[in-house]
Amino acid sequence: MKRLKKQTGLLGTLTVPGDKSISHRAVMLGALAEGDTIIQGFLKGADCLSTIDCFRQMGIHIEETGDTLVVHGKGLHGLQAPTGTLDVGNSGTTTRLISGILAGQNFVSTLSGDASLNSRPMKRIMSPLSMMGADIQSKNKDNCAPLTIKGAPLRGIHYTSPVASAQVKSCVLLAGLYADGQTSVTEPALSRDHTERMLRAFGADLQTQGTTCTITPPKRLYGQHIQVPGDISSAAFFIVAALITPDSCLLIKNVGINPTRSGILTVCKQMGANITFQNLREEGGEPVADLLVKSSRLHGTVIEGDIIPSLIDELPVIALLCCFAEGETVIRDAAELRIKESDRIALVSQNLAAMGADILPTEDGFIINRHSQKIPPLHGASIHCAMDHRIAMTFAVAGLSADGETIITDSHCVDVSYPGFFEQLKQLCLK
């Protein structure tokens, strides 16, 4: 349990943990590569540790020193059959991406996680993998984990995904490593492209045209040196904290600003945010910058359409940001929020309403400040997060700008993606 009180003047310089998406993928491709892969800036959150544990169970030796890993790859066909169930914890990324890899192996494996993970929909990966010839079954016949995957020879397909999902796309492309010909994925909008960038870095042949990506099965992948940038999804909480807390100025260093992930920065700029990019550069094929963020007077906007996949994980804290903007904000086309670690549309709406916000949930988003002639002040409340790390961090930030005390009841869930979040927040509040 954590207790937050109203603050002013968040000042200082900070770095955020390594990008979760890139950390997952670096371990996976490092395991399938020939030679060693060195990963610096690895995020040692619970989700990424689940990925490490799964590959260790399949015979991959992984050394850890602080936030640096050395993955001793065994090549595309070097994985061994696990002796037991692969425990994916709470990690949807681990589950969906590793399923694509396991579909092409010569052994049987079972994936299972915690109660939350085992309630999330897996039909979206089961369908394309089955089209490729994979034998993947839901143990409880509910299209959720536990999943049993019997490795089989795979055929290349052209899959048109009904959703813009990096996890679905990545699952199919990773299965494409083992197919008998080219595999293509077409999305309705471009989702994050970390898998494509990293596959190319490891030596795979990928071609992208519009929202279609095509992989030609490689004979081998090669170990790499990966520098993981700071996770913009983690930086998002401090970006919003600085924007809505009076007299604040934060420099957030080494943040990945991949255009398929940086929709939050576009939206903040649209709303009048004072954010300056410094030290723009590229590291390991990923664009990186330092972000100087100052408290700002904001106005409402409409967030919809193709930008949604680039900020889907940030929408809970964006909804909080919109509570501090003059005028109405509409967020739509984000029904995906209902099948994350929690129903984030319901939880964000309930908790913000409990704090006095003017927010109306819709089937695919929110309407914020719909009836307010001026920005309604927030007040403290007891916040239940349903063990969803992004909900917990969103309302910790809300507590900094709310009258009275805000209590985060299940605050320990932040360790999934951001160990040390509350300690870092506390240091900024002490400036």
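Reader: Let's start in the middle of things. Which residue of strand 5 stands opposite Glu-63?

Author: That's Val-70. Before we go on, keep in mind that this is a predicted model. On the strand 3 side, Val-70 has Ile-38 opposite it.

Reader: What makes strand 4 and strand 5 a pair?

Author: The bridges do. A pair needs at least two bridges, and strand 4 (residues 61-65) has five of them to strand 5, so the two count as paired. They run antiparallel.

Reader: And what sits between strand 4 and strand 5 in the hairpin?

Author: Two residues. Gly-66 is in that turn, with a positive phi of about 60°.

Reader: How do you know that strand 3 and strand 5 are joined as well?

Author: Same kind of check: at least two bridges are needed, and strand 3 (residues 34-40) and strand 5 (residues 68-74) share seven, so they pair. This pairing is antiparallel too. Besides Ile-38 and Val-70, Gln-40 stands opposite Thr-68.

Reader: What makes strand 4 and strand 14 the edge strands here?

Author: The sheet is an open one of four strands, in the order 4-5-3-14, with mixed pairing. Strand 4 and strand 14 (225-227) each pair on one side only, and that's what puts them at the edges. Direction ignored, neighbouring strands of this sheet are turned by 15° against each other on average.

Reader: Which helix lies across strand 3, strand 4, strand 5 and strand 14?

Author: Helix 1 (residues 20-32). Its direction is at about 35° to strand 5.

Reader: Where are the edges of the sheet with strand 6 and strand 8?

Author: That open sheet has four strands in the order 6-7-9-8, and its pairing is mixed. Strand 6 (86-89) and strand 8 (135-138) each pair on one side only, which is how you spot the edges. From one strand to the next, the twist averages 20°.

Reader: What makes strand 7 and strand 9 partners?

Author: Four bridges, where at least two are required, so strand 7 (residues 108-113) and strand 9 (residues 147-150) qualify. The sense is antiparallel, and Val-108 stands opposite Lys-150.

Reader: Which helices lie across these strands?

Author: Helix 3 (residues 92-102) lies across strand 6, strand 7 and strand 9, at about 175° to strand 7. Helix 4 (residues 123-131) covers strand 8 and strand 9, at about 155° to strand 8.

Reader: Now to Ser-342. Why is Ser-342 called buried?

Author: Buried means under 20% relative accessible area. Ser-342 comes in at 9%, so it counts as buried. You'll find Ser-342 in the loop between strand 21 (329-331) and helix 10 (344-354). Leaving aside residues up to four places away in sequence, Ser-342 touches Leu-337, Leu-347, Ala-386, Asp-388 and Ile-391.

Reader: What makes the link from Ser-342 to Asp-388 a polar contact?

Author: The cut-off is 3.5 Å between N or O atoms. The side chains of Ser-342 and Asp-388 are at 2.7 Å, so that distance fits within the limit.

Reader: Zooming out, how do you know that the radius of gyration agrees with a compact globule?

Author: For 431 residues, a compact globule would be near 22 Å; the protein has 21 Å, so the two agree. The C-alpha trace spans about 60 × 40 × 40 Å along its principal axes, and 59% of the residues count as buried.

Reader: How many helices and strands are there in the protein?

Author: Twelve helices and 25 strands.

How values were computed
Residues are numbered from 1 along each chain as its sequence is written. This is a predicted model: local features need pLDDT of at least 70, side-chain atom pairs count only at pLDDT 80 or more; totals for chains, interfaces and linings use all residues. Side-chain values use heavy atoms; hydrogens and water are left out. Buried means under 20% relative accessible area, exposed over 50%, partly exposed in between (1.4 Å probe, protein chains only). A polar contact is a pair of N or O atoms within 3.5 Å; within protein, one must be able to donate a hydrogen and the other to accept it, and residues adjacent in sequence count only if both atoms are side-chain atoms. Contact means heavy atoms within 4.5 Å. Axes are lines fitted to C-alpha atoms, for helices over the stretch in contact, and angles run from 0 to 180 degrees between N-to-C directions. The radius of gyration is taken over C-alpha atoms; the globule rule is 2.2 Å times the number of residues to the power 0.38.
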